[in-house]
Amino acid sequence: MQHEKGRDEAMEMMAKALRHRPEAFGLVLDAHGWVDANALIEAIHARGMTFDRARMDRIVQLNNKRRFAYSDDGTKIRASQGHTVDVDVEMPEAAPPARLYHGTLEKNGASIWNRGLLPMKRQYVHLSPDIETARMVASRRKGAIAIYEVHASEYHMDGGKFYLSANGVWQTKVVPPNYLKRIE
Ligand code: HQG
């Protein structure tokens, strides 16, 4: 268990460095979100973690959501999605399935009803392919949850743009309320 916990901590640090606060690690992401892999290892190591390339390789390969990816030559690394910092990770635009799902806290309902789903601090709204995943996303937070069905193909036909991240998470800039239906 200790090992698992340690791995999660390292993963959290990678997520912070590659998505949210690279400057706190003395790192600068390039325009596409990449950073030198060795620089990231050193930066995390300098914060008192036992961390090396082998451990980072395991996180990149085994992480349940495949949150991180190496460049083709293995010298650079980036997060595949989920950024709050302004980088372009070159997500392809794609036609979404008919329905996607979004799990959130019930207390956000009034605001979602008025303004639709917004990216808040992140660059995009994240959408789940199934209800079960949406429930898991919502349950990260404390409180009663709500699940919204997103009428994705309809929104897409009306001009809404959807993107699919390298690790398979559907994203869009905003979902207007008329394409949303609360189902749980
Ligand atoms: C809510 C994790 C009020 C939104 C997960 C969410 C996910 C509104 C929160 C990924 C709103 C933003 C993303 C509105 C949206 N009024 N609240 N109009 N519109 N919200 O963390 O979707 O593990 O940025 O419902 O698995 O919770 O990090 O988004 O509750 O895939 O890889 O504002 O993060 O992935 O919170 O989670 P977040 P999220 P990782």
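User: Let's start with helix H2, residues 37-45. Which residues of H2 are buried?

Analyst: Keep in mind that this is a predicted model. Buried means under 20% relative accessible area, and five names in H2 make that list. They are Ala37, Leu40, Ile41, Ala43 and Ile44.

User: Within what arc do the buried residues of H2 fall, seen down the axis?

Analyst: Picture yourself looking down the axis of H2. The buried residues line one face of the helix, because they fall within an arc of 165°.

User: What does a side-chain oxygen of Asp36 reach at the start of H2?

Analyst: Asp36 brings a side-chain oxygen to within 3.2 Å of a backbone atom at the start of H2. That partner is the backbone nitrogen of Asn38.

User: On to helix H3, residues 53-62. Which residues are buried there, and what arc do they cover?

Analyst: In H3 the buried residues are Arg55, Met56, Ile59 and Val60. They sit on the same side of H3, because the arc they cover around the axis is only 135°.

User: Which residues are exposed on the other side of H3?

Analyst: Flip over to the other side of H3 and you meet two exposed residues. One of them is Leu62, which counts as exposed because its relative accessibility is 56%, and the cut-off for exposed is over 50%. The full pair is Gln61 and Leu62.

User: How far apart are the C-alpha atoms of Leu62 and His102?

Analyst: Leu62 belongs to helix H3. Along the chain, Leu62 and His102 are 40 residues apart. In space, their C-alpha atoms are separated by 25 Å.

User: Is Leu100 buried or exposed?

Analyst: Leu100 is part of strand S4. Its relative accessible area is 0%, and the cut-off for buried is under 20%. So Leu100 is buried.

User: And Glu149, is that residue buried or exposed?

Analyst: You'll find Glu149 in strand S6, residues 145-151. Its relative accessibility is 12%, and anything under 20% goes in the buried group. So Glu149 counts as buried.

User: What distance separates the C-alpha atoms of Glu149 and Val125?

Analyst: These two are 24 residues apart along the chain. The separation between their C-alpha atoms is 13 Å.

User: Now the pockets! How much space lies in the largest pocket, and which element gives the largest share of its lining?

Analyst: The largest pocket holds about 1,400 Å³ of space. Among the elements giving two or more residues to its lining are helix H1 (2-20), strand S4 (99-105) and helix H5 (131-138). The largest share is six residues, and it comes from H1.

User: Which lining residues are closest to the centre of the largest pocket?

Analyst: There are 43 residues lining this pocket. By class, they are 17 nonpolar, 15 polar and eleven charged. The closest to the centre are Arg122, His126, Val137, Arg140 and Arg141.

User: There's a ligand too. How many residues surround the ligand?

Analyst: The closest ones are Arg19, His102, Thr104, Ser111 and Arg122. Counting everything around the ligand, the number is 17.

User: How far is an oxygen atom of the ligand from a side-chain N or O atom of Thr104?

Analyst: Arg67 has a side-chain N or O atom 2.8 Å from a ligand oxygen. Leu118 uses a backbone N or O atom instead, 2.9 Å from a ligand nitrogen. For the side chain of Thr104, the distance to a ligand oxygen is 2.7 Å.

User: What about closed-off space: how much lies in the largest cavity?

Analyst: The structure has one cavity of 30 Å³ or more. Its lining includes Gln81, His83, Tyr124 and Gln171, and by class the lining has three nonpolar, six polar and no charged residues. The space inside is about 40 Å³.

User: Last one: Arg66 and Met120 have a positive phi. What is the value near for each?

Analyst: Both are residues other than glycine. Arg66 is in the loop between H3 and strand S2 (68-70), and is partly exposed at 46% relative accessible area. Met120 is in the loop between H4 and S5, and is exposed at 67%. Phi is near 45° for Arg66 and near 55° for Met120.

Terms used
Residues are numbered from 1 along each chain as its sequence is written. This is a predicted model: local features need pLDDT of at least 70, side-chain atom pairs count only at pLDDT 80 or more; totals for chains, interfaces and linings use all residues. Side-chain values use heavy atoms; hydrogens and water are left out. Buried means under 20% relative accessible area, exposed over 50%, partly exposed in between (1.4 Å probe, protein chains only). Helices (H or I, at least four residues) and strands (E, at least two) are DSSP runs, numbered from the N terminus. The arc is that of the directions from the helix axis to the C-beta atoms. On a 1 Å grid over the protein atoms alone, a cavity is a set of points where a 1.4 Å probe fits but cannot get out, and a pocket is an open set with protein on both sides within 12 Å along at least five of seven lines; lining residues have an atom within 4 Å of a point. Grid points are joined across faces, edges and corners, and a volume is the space filled by probe spheres set on the points. Ala, Val, Leu, Ile, Met, Phe, Trp, Tyr, Cys and Pro count as nonpolar, Asp, Glu, Lys and Arg as charged, and the others, Gly among them, as polar. A residue is near a molecule or strand if one of its heavy atoms lies within 4 Å of it. A polar contact is a pair of N or O atoms within 3.5 Å; within protein, one must be able to donate a hydrogen and the other to accept it, and residues adjacent in sequence count only if both atoms are side-chain atoms.
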